Amino acid sequence: MSNPPSKVKPPTLASMFTLFAKYRPTLNSFQGDGKRILLSQSDCWMQQANLIGPKHFTLTQTGLTFFEFRKSTLDYEEYLQFLAMLCNEKQVDLEEVKEQLTNCGPPGINS
């Protein structure tokens, strides 16, 4: 017998981007439409994926790299560039970072 098809699609980096771009880390923060992400939402996502710390990135590094775009929000394509720039600077494997961001669960869940 084959397993019945799962109703829940596995997360993708793009679907997780949309979830975190809509997430409001604090009550007074901007409610996004899921198309563009704020630095605070990105930092929240990276913290949930255990990417903030000595092995990966600091909040200072994410902030400085984010601000190189000279925008308050990044779209998905810009966010991929942001991740590549961060990983290149810290000599961290980009695919590993993408995998952790994809599999960390929806916003607000500590896995």
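Me: What does the secondary structure of the protein chain come to, and what pattern does it follow along the sequence?
Reply: Keep in mind that this is a predicted model. The chain has five helices and two strands. Reading along the sequence, the pattern is α-β-α-α-β-α-α.

Me: How many of the protein chain's residues count as buried, as a percentage, and how much area does the chain expose?
Reply: The chain has 111 residues, and 39% of them count as buried. On the outside, carbon and sulfur atoms supply 57% of the exposed area. The total that the chain exposes is about 7000 Å².

Me: Among contacts between residues at least 6 apart in sequence, what share joins residues at least 24 apart?
Reply: Start with the contacts in the chain whose partners sit at least 6 apart in sequence. Of those, the share that joins residues at least 24 apart is 59%.

Me: Which residues touch the most other members of the largest nonpolar core?
Reply: That core has 25 residues. The elements giving two or more residues to it are α1 (13-22), α2, α4 and α5. The members that touch the most others are Trp45, Met46, Tyr79, Phe82 and Leu101.

Me: Is Trp45 buried or exposed, and what does it touch beyond four places in sequence?
Reply: Buried means under 20% relative accessible area, and Trp45 comes out at 0%, so it's buried. Leaving out residues up to four places away, Trp45 touches Leu13, Met16, Phe17, Phe20, Ile37, Tyr79, Leu101 and Cys104.

Me: How are the rings of Trp45 and Tyr79 arranged: stacked or edge-to-face?
Reply: The structure holds nine aromatic pairs. For Trp45 and Tyr79, the ring centres are 5.5 Å apart and the planes sit at 10°. Planes under 30 degrees apart count as stacked, so this pair is stacked.

Me: Which helices does the Trp45 and Tyr79 pair tie together, and how far apart in sequence are the parts?
Reply: Tyr79 is buried too, with a relative accessible area of 0%. Both residues belong to one aromatic cluster, which also takes in Phe17, Phe20, Tyr23, Phe66, Phe67, Tyr76 and Phe82. Trp45 lies in helix α2 and Tyr79 in helix α4, so the pair links parts that are 34 residues apart in sequence.

Me: Which residues of helix α3 are buried, and what covers them?
Reply: Helix α3 spans residues 59-67, and its buried residues are Gln61, Thr62, Gly63, Thr65 and Phe66. Their cover includes β1 (36-38), α2 (39-48), β2 (73-75) and α4 (76-90).

Me: Why does Thr102 count as buried, and what is it in contact with beyond four places in sequence?
Reply: Thr102 lies in helix α5, residues 94-102. The cut-off for buried is under 20%, so Thr102 makes it at 11% relative accessibility. Outside its neighbours within four places, Thr102 is in contact with Pro11, Thr12, Leu13 and Met16.

Me: What separates the C-alpha atoms of Thr102 and Met16, and what does the side chain of Thr102 reach?
Reply: Thr102 and Met16 are 86 residues apart along the chain, with their C-alpha atoms separated by 6.1 Å. The side chain of Thr102 reaches, at 2.7 Å, the backbone oxygen of Lys98.

Note on methods:
Residues numbered from 1 in each chain as written. Predicted model: local features only at pLDDT ≥ 70, side-chain atom pairs only at ≥ 80, totals over all residues. Heavy atoms only, no water. Buried < 20%, exposed > 50% of the residue type's maximum accessible area, 1.4 Å probe, protein only. Helix = DSSP H or I, 4+ residues; strand = E, 2+ residues; numbered from the N terminus. Contact = heavy atoms within 4.5 Å. Polar contact = N/O pair within 3.5 Å; in protein donor to acceptor, adjacent residues only side chain to side chain. Core = buried A, V, L, I, M, F, W, Y, C linked by side-chain atoms within 4.5 Å. Areas by Shrake-Rupley, 256 points an atom, 1.4 Å probe, with all protein chains shown as cover. Phe/Tyr/Trp six-rings, centres within 6.5 Å; stacked < 30°, edge-to-face > 60°.
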